[in-house]
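Here is my note on this chain, point by point. Please read it with the structure open.

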Amino acid sequence: MSLLVVAVALVGTLPAPVLGQELTASRVRVTLTSLWVKPSPDPTGLAYHRGQRQLLVVDSEVEETRRWAGANIWRVRLGGRVSRSWSLMRFTREPTDIAFKDRRILFISDDNEDRVFRVQRGPDKIWGTRDDAITSFPTRPFGSRDPEGLEVALGSVWVADGESARIYRVRPGRDGRFNGAPPVGDDVVTSFDTLGLGLRDPEDLVYDGATGLLYLVSAKDDVIVRTTRAGVLVDTIDLSPFGLIAPAGITLAPGSRDRSVRNVYISDRGIDNGPDPNENDGRIFEFALTAA
């Protein structure tokens, strides 16, 4: 497997939650997903697998390019080295984001099908094999026609929709299963707008259990926005000095250099393959957040 990383800053400790406290980002590492043996030119989604202490990365565009090498999901060490890759084409050609419910169950969004897939690992305990059990629910019944970012937290599936510029929170209904909003199922859905937060195209979100806050990123805005679970703005963290082109996925995970701290990982799709079919510029940034 190939890996190229650039370390350009010291790691800082994520501060204790203090509402209103200004935070600044410093770059710790950049991983070039374009240089993986099976490259990811457009890494759209990120999640942290606590059990394996690794990242999962999905790419919703790679099969549309000449870079396709049979993989649109990668398991990656925090330093950026690929440990395994496989294909999700069995049920989705457009894996846009990924989130974990637990060690056995993950959720994957598809913004072409406008669905969220629930994937339960089978008896062989290996993701991506034929014994995985797959179900799904549609997002259009609750107004999401561009489901991109995903998070699973607080008994809910959270969906970031770039077209409507909203964050949807989906709770299971009386049957206790995620099966879609009425009339398809009985899920209960609430939402909040992101335009008022300064995010024009929300791509992903992650819930921080230590602070009780959501971290949001947008493809068109060089910031991390932190909000309450109801979408009330807490603060913004400037990313403009770091040259991200199209922020796509965000997750929280231990630092790649110091596992005792917790850092923010953001995937950058770079140039879209539409205007440039030869592009191959995907990256994953690791940031430390410190009090200003």
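1. A strand, as the word is used in this note, is a DSSP run of E of at least two residues, numbered from the N terminus. By that rule S85 falls in strand β6, residues 82-86. The model is predicted, and every point below should be read with that in mind.

2. Secondary structure. The chain has 21 strands and 0 helices. Half of the story is in the contacts: among those between residues at least 6 apart in sequence, 50% join residues at least 24 apart.

3. Overall dimensions. The radius of gyration is 18 Å. A compact globule of 292 residues would come out near 19 Å, so the chain agrees with that expectation. Along the principal axes, the C-alpha atoms fill a box of roughly 50 × 45 × 40 Å.

4. Surface and charge. Of the 292 residues, 56% count as buried. The exposed area is about 12,000 Å², and carbon and sulfur atoms supply 48% of that area. There are 37 positive and 40 negative side chains. The centres of these two sets lie 8 Å apart.

5. The largest nonpolar core. This core holds 18 residues. Which members touch the most others? They are Y215, I224, I250, V264, I266 and F287. Two or more core residues come from each of β2 (23-32), β16 (213-218), β19 (247-254), β20 (262-268) and β21 (283-291). In soluble globular proteins, nonpolar side chains tend to be buried together.

6. I224 in detail. Residues up to four places away in sequence are left out here. I224 then touches Y215, L216 and V217, and also D235, T236, I237 and L239. Its list is completed by I250, V264 and I266.

7. S85. Is this strand residue buried or exposed? S85 has a relative accessible area of 17%, and buried means under 20%, so S85 is buried. Beyond four places in sequence, S85 touches K38, A71, I73 and W74. G70 is 15 residues from S85 in sequence, with 8.6 Å between their C-alpha atoms.

8. T44. This residue sits in strand β3, residues 43-49. T44 is buried, at 3% relative accessible area. Its contacts, again beyond four places in sequence, include V58, D59 and S60. P95 and T96 also touch T44, as do A248, G249, S267 and R269.

9. D201. The loop between β14 (188-193) and β15 (202-208) holds this residue. Its relative accessible area is 13%, so D201 counts as buried. Outside the four-place window, D201 is in contact with E148, G162, V217, S218, A219, K220 and D221. V157 is 44 residues from D201 in sequence and 19 Å from D201 in space, C-alpha to C-alpha.

10. Backbone points to check. The peptide bond from P182 to P183 is cis, with omega near 5°. P183 is in the loop between β13 (166-171) and β14. Two residues that are not glycines have a positive phi: D114, at about 55°, and K125, at about 60°.

11. Where do D114 and K125 lie? D114 is in the loop between β8 (105-110) and β9 (115-120). K125 is in the loop between β9 and β10 (133-138). D114 is buried, at 3% relative accessibility. K125 is exposed, at 61%.

Notes
Residues are numbered from 1 along each chain as its sequence is written. This is a predicted model: local features need pLDDT of at least 70, side-chain atom pairs count only at pLDDT 80 or more; totals for chains, interfaces and linings use all residues. Side-chain values use heavy atoms; hydrogens and water are left out. Helices (H or I, at least four residues) and strands (E, at least two) are DSSP runs, numbered from the N terminus. The radius of gyration is taken over C-alpha atoms; the globule rule is 2.2 Å times the number of residues to the power 0.38. Buried means under 20% relative accessible area, exposed over 50%, partly exposed in between (1.4 Å probe, protein chains only). Contact means heavy atoms within 4.5 Å. Accessible areas come from the Shrake-Rupley method with a 1.4 Å probe; for residues, only the protein chains shown count as cover. Lys and Arg count as positive and Asp and Glu as negative; His and the chain ends are not counted. The place of a charge is taken as NZ of Lys, CZ of Arg, CG of Asp or CD of Glu. A nonpolar core is a set of buried Ala, Val, Leu, Ile, Met, Phe, Trp, Tyr and Cys residues joined through side-chain atoms within 4.5 Å.
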